[in-house]
Amino acid sequence: MSQTWWRGAAIYQVYLRSFADGNGDGVGDLAGLRSRLPYLKDLGVDAIWLNPWYPSPMADGGYDVADYRDIEPVFGSLAEAETFIAEAHELDIKVIVDVVPNHSSTASAWFQEALADPKARQRFWFRDEPNDWQSIFGGPAWTQVADGQWYLHLFAPEQPDFNWDNPEVHQEFEDVLRFWFDRGVDGVRIDSAALLFKSDSRYEDLDEVHDVYRRWRQVAEEYAERVLIGELWLPDQERFALYLRQDELHTAFNFDFLSCPWDPAELRRVIDLTLTTHAPVGAPPTWVLSNHDVTRPVTRYGRADTSFAHGGALHGTPSDSELGYRRARAAALLAMALPGGLYVYQGEELGLPEVEDLPDELRQDPMYARSGGSNPGRDGCRVPLPWSGEEPPFGFGGTRPWLPQPESWRKLTAEAQLADLDSMLNLYRTGLRLRRDRLGDGTLTWLPYGQNVLAFTRDSGLTCVTNLGSGPVRLPAGEILLASGTLDDGALPPDTTVWLASAG
């Protein structure tokens, strides 16, 4: 791949403890991931992004990092991580790791030192009196320690926020970047990238954060082909674009697209806004339908309200599974056809639904506990993957996965879907292969096709048409390359996407 491989890459997100279990303890690990690398190669992805794999008490699924220079023993070892990176590279698959610069873990050496010695608290936000800030996970954002001081945690109490006014914090993360780049990691995904600095009244998107990423860009450019990816939930697109200037981050997640309802006007607006935002800074857009924090598309698109917002307000609302499945297939081909990078969250290619009936006693997401159960949390999209067989654990490994899988998933295993040419998995495999040949980075040209249809042509001549209306629509001239559903006597049915090659 070229030095700008990331501009059009298809990147597969691995939530490690739910991907594949190699040692039989019910938790996914590096051994399981390594055994499934051929699956990912055949799927057609260009890179793997892993959620945090570092030592952690797992108060927030590993985002409470205790040590950035090692691997959580449940997942494997540092030596095995290095072997995994090498094996992925042999298959021409890049590796991206998560970095969490906003906060640490109460189990980290730095925080334990701070608890023991008040003079060592300058790396975190300790105060004699807390303000009225609330945690993003619910409840107060401050916790009191034994001597009476309070520390800030924008997320769970086990996740104390770093003080980025301290030069030691800057140096630590620059060293962490080099540690992983030296081991062959190709990129870093930056969690909560806009939250680092705090003022008396604000904790998001302060101007000082840009200096951090300018410096990180300099570190990345000490190496070849390294990429910095931001997680930025910002409503102001002009502010969002500032993070993507030529000397800062290479790219960032497109949450407007992920949150957008299945509505032609809204999708067109978000796509246009995305392209307009990215063009002046020369950064490629990204297209994301789901991740480890978000209700799975098959469930989301089957609801009356198909948008997404954090808070769990739609949990348990009725969802038409057939409608959601059909729309998820159409959305997949739409996202693959758009110019820029693509992210696929594990299980998305299998058409897995959200698991909304998990027993409360098994839920582990702190959003559930911190909200007193009013927010069910994100465990429903983190249930371990079904690989094969007729009953749980469906080839995941062991006998009892850390979260239970529905019996109905026997029809959704990778093994079952590989044997079905019309399955979601084979749709993704074919779509990603065609995407690599014909799509990725570039531009699009909209085609006039009425208010309920999204139609555009890409640089390669491929035309994508998505029907979001209530009746079938005629297709333009061209050879049909791929469709998300069966065509209706040559016309495109509702909630269906088709790709065509230009006639002649």
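**View 1. The second largest cavity holds about 60 Å³ of space.** Welcome to the inside of this predicted model. Thirteen residues, written 13 in the count, line the second largest cavity, and Trp6, Ile11, Thr251, Thr286 and Tyr343 are the ones closest to its centre.

**View 2. Strands E8 and E11 contribute to the wall of the second largest cavity.** Strand E8 (227-230) and strand E11 (341-345) are the elements that each give two or more residues to this lining. E11 is the top contributor, with three residues. Sorted by class, the lining of the second largest cavity comprises nine nonpolar residues, three polar ones and one charged one.

**View 3. The largest cavity has a volume of about 70 Å³.** If you are browsing the model, here are the residues to look for: Pro297, Val298, Ala328, Glu348 and Tyr428 lie nearest the centre of the largest cavity. They belong to a lining of 13 residues.

**View 4. Three helices, H10, H11 and H14, help to line the largest cavity.** Helix H10 (297-300), helix H11 (321-337) and helix H14 (424-438) each supply at least two residues of the lining. As for the chemistry of the wall, nine residues of the largest cavity's lining are nonpolar, two are polar and two are charged.

**View 5. The model contains five cavities of 30 Å³ or more.** This overview puts the close-ups in context: the largest cavity, at about 70 Å³, and the second largest, at about 60 Å³, are among the five counted at that cut-off.

Methods. Residues are numbered from 1 along each chain as its sequence is written. This is a predicted model: local features need pLDDT of at least 70, side-chain atom pairs count only at pLDDT 80 or more; totals for chains, interfaces and linings use all residues. Side-chain values use heavy atoms; hydrogens and water are left out. On a 1 Å grid over the protein atoms alone, a cavity is a set of points where a 1.4 Å probe fits but cannot get out, and a pocket is an open set with protein on both sides within 12 Å along at least five of seven lines; lining residues have an atom within 4 Å of a point. Grid points are joined across faces, edges and corners, and a volume is the space filled by probe spheres set on the points. Helices (H or I, at least four residues) and strands (E, at least two) are DSSP runs, numbered from the N terminus. Ala, Val, Leu, Ile, Met, Phe, Trp, Tyr, Cys and Pro count as nonpolar, Asp, Glu, Lys and Arg as charged, and the others, Gly among them, as polar.
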